[in-house]
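Let's take a walk through this structure together, moving from helices to charged pairs and back again. Please keep the sequence and the model open beside you as you read.

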Amino acid sequence: MSKLKVIYGIHPLIEAIKSKITIRKLFFQIGWEKGANIYKKKLINLSKKNNIQIHSVSKKKFDQWKNKNHQGVFAILSPIKTYHIEDLLPIFYEKKKNPLLLILDRITDVRNFGSIIRTAVCAGVDSIIIPQKNMAMIGSDSIKTSSGALFKVPICKEKNIVKTIEYLIKSGLKIVSATEKSNKYWYDIDFSFPTALILGNEENGISRKYLELSYEKAKIPLIKGISSLNVSVACGIILYEIVRQRKNIIK
């Protein structure tokens with residue numbers, strides 16, 4: 001039997017229910033529904049509509065998340081499903097998509113991980129590829145920091161990222177690494193082709209082997225001598241250049 005997961009917070013739970021994630025039980029803090037705002041009412045209505053068991057529990061039950069912004073509600077659900085890109089990429093091509101993928105190289109900070117996922121969903125990324133090891137956990141914290149966006153994009157967990165990159169190259173994708181080890185700015189790169197963007201570890205950047213396999217290396221200039229941008233910020237800058245070039249309409 002799969003180990004059960006817990007998520008907390010109003011917005012992540014709303015997104016989980018809307019995304020048809022299987023929720024076993026939903027727990028409200030006693031008195032939580034009093035003075036309910038629009039989002040609380042939406043969560044209650046969605047729970048009833050989807051026949052989710054609702055339980056009221058004491059404040060003491062929430063003490064285990066005293067340092068978390070649980071907002072007086074949590075749920076028990078099954079683990080988030082992960083995929084393999086070999087199964088998804090043919091589907092993207094069959095749908096006549098111009099695939100846009102993210103490859104995350106050892107992004108261990110869960111806040112960065114969540115922010116990247118949220119930005120990726122907003123920018124229309126088709127899938128996010130992560131390694132099985134040395135990566136932020138897919139769990140309640142990443143769901144919370146992504147504001148529930150983790151339910152809106154397929155996550156591919158791969159054992160060997162080098163082989164995955166080689167597969168993507170053979171499948172017609174251009175591999176682009178976000179790195180300061182380049183003389184080419186991100187806006188000078190042609191992103192009109194199927195693209196996989198690699199983002200690297202917060203401290204050490206992108207692995208050498210991945211850089212060697214990259215078709216292009218995208219540099220973002222740093223004016224005041226800081227060694228690097230926050231990885232989630234760099235992600236947003238480059239993804240929205242891709243959106244601009246592809247002339248997607250964000251609604």
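A salt bridge here is a side-chain nitrogen of Lys or Arg within 4 Å of a carboxyl oxygen of Asp or Glu. Keep in mind that you are looking at a predicted model. With that cut-off, R111 and D109 qualify as a salt bridge, because their closest N and O atoms are 3.2 Å apart. How do the two partners sit relative to the surface? R111 is exposed, at a relative accessible area of 57%, while D109 is partly exposed at 23%.

That pair is one of 7 salt bridges in the structure. In general, side chains of opposite charge can pair when their charged atoms come close. Another example joins D126 and K97, with 2.9 Å between the closest N and O atoms. This pair ties together distant parts of the chain, 29 residues apart: D126 belongs to the loop between α4 and β6 (127-131), and K97 to the loop between α3 (85-94) and β5. The two ends differ in their surroundings, since D126 has 10% relative accessibility and counts as buried, whereas K97 is partly exposed with a relative accessible area of 37%.

A third salt bridge takes us into a helix. The side chains of E241 and R244 meet at 2.8 Å, N to O. Both residues lie in helix α8, and the 3 residues that separate them make about one turn of the helix. Here too one partner is covered and the other is not: E241 counts as buried at 8% relative accessibility, and R244 counts as exposed at 53%.

Now let us look at α8 as a whole. It runs over residues 231-246, which makes 16 residues, and reaches 23 Å from its first C-alpha to its last, close to the 22 Å expected at 1.5 Å a residue. Is this helix mostly covered or mostly uncovered? It is mostly covered, with 12 of its 16 residues buried. Among the buried residues are V231, A234, I238, L239, I242 and V243, and E241 from the salt bridge belongs to the set as well. If you follow the buried residues outward, you will find them packing against the strands β5 (100-104), β8 (174-178), β9 (195-199) and β10 (216-218), and against helix α4 (110-122). Just after α8, K247 takes a positive phi of about 55°.

Before the helix begins, the loop between β10 and α8 contains N230. N230 is partly exposed, with a relative accessible area of 36%. Its C-alpha is 20 Å from that of P131, a residue 99 places away in sequence.

The packing of α8 against α4 deserves a closer look. Two packed helices are described by the angle between their axes and the distance between the axes. For α4 and α8, the axes come within 9 Å and cross at roughly 10°. The two helices are therefore roughly parallel to each other. Which residues make the contact? From α4 come N112, S115, I116, T119, A120 and C122, and from α8 come V231, S232, C235, G236, L239 and Y240. By character, the residues of this contact divide into 7 nonpolar and 5 polar, with no charged residue among them.

Let us turn next to another helix, α1, at residues 10-18. With 7 of its 9 residues buried, α1 is largely enclosed by the rest of the structure. The buried residues are I10, P12, L13, I14, E15, A16 and I17. They pack against the strands β1 (5-8), β2 (23-29) and β4 (73-77), and against the helices α2 (38-49) and α5. After α1 comes K20, whose phi is positive, near 65°.

Since α5 is one of the packing partners of α1, it makes a good last stop. D141 is found in this helix, which spans residues 140-145, and D141 counts as partly exposed at 27% relative accessibility. Which residues does D141 touch, leaving aside its neighbours within four places in sequence? The contacts are Y8, K68 and V110. R106, 35 residues from D141 along the chain, lies 17 Å away, C-alpha to C-alpha.

Technical notes. Residues numbered from 1 in each chain as written. Predicted model: local features only at pLDDT ≥ 70, side-chain atom pairs only at ≥ 80, totals over all residues. Heavy atoms only, no water. Helix = DSSP H or I, 4+ residues; strand = E, 2+ residues; numbered from the N terminus. Expected span 1.5 Å × (residues − 1). Buried < 20%, exposed > 50% of the residue type's maximum accessible area, 1.4 Å probe, protein only. Contact = heavy atoms within 4.5 Å. Axes fitted to C-alpha atoms, helices over the stretch in contact; angles between N-to-C directions. Parallel < 35°, antiparallel > 145°, perpendicular 65-115°, else oblique. Nonpolar A, V, L, I, M, F, W, Y, C, P; charged D, E, K, R; others polar.
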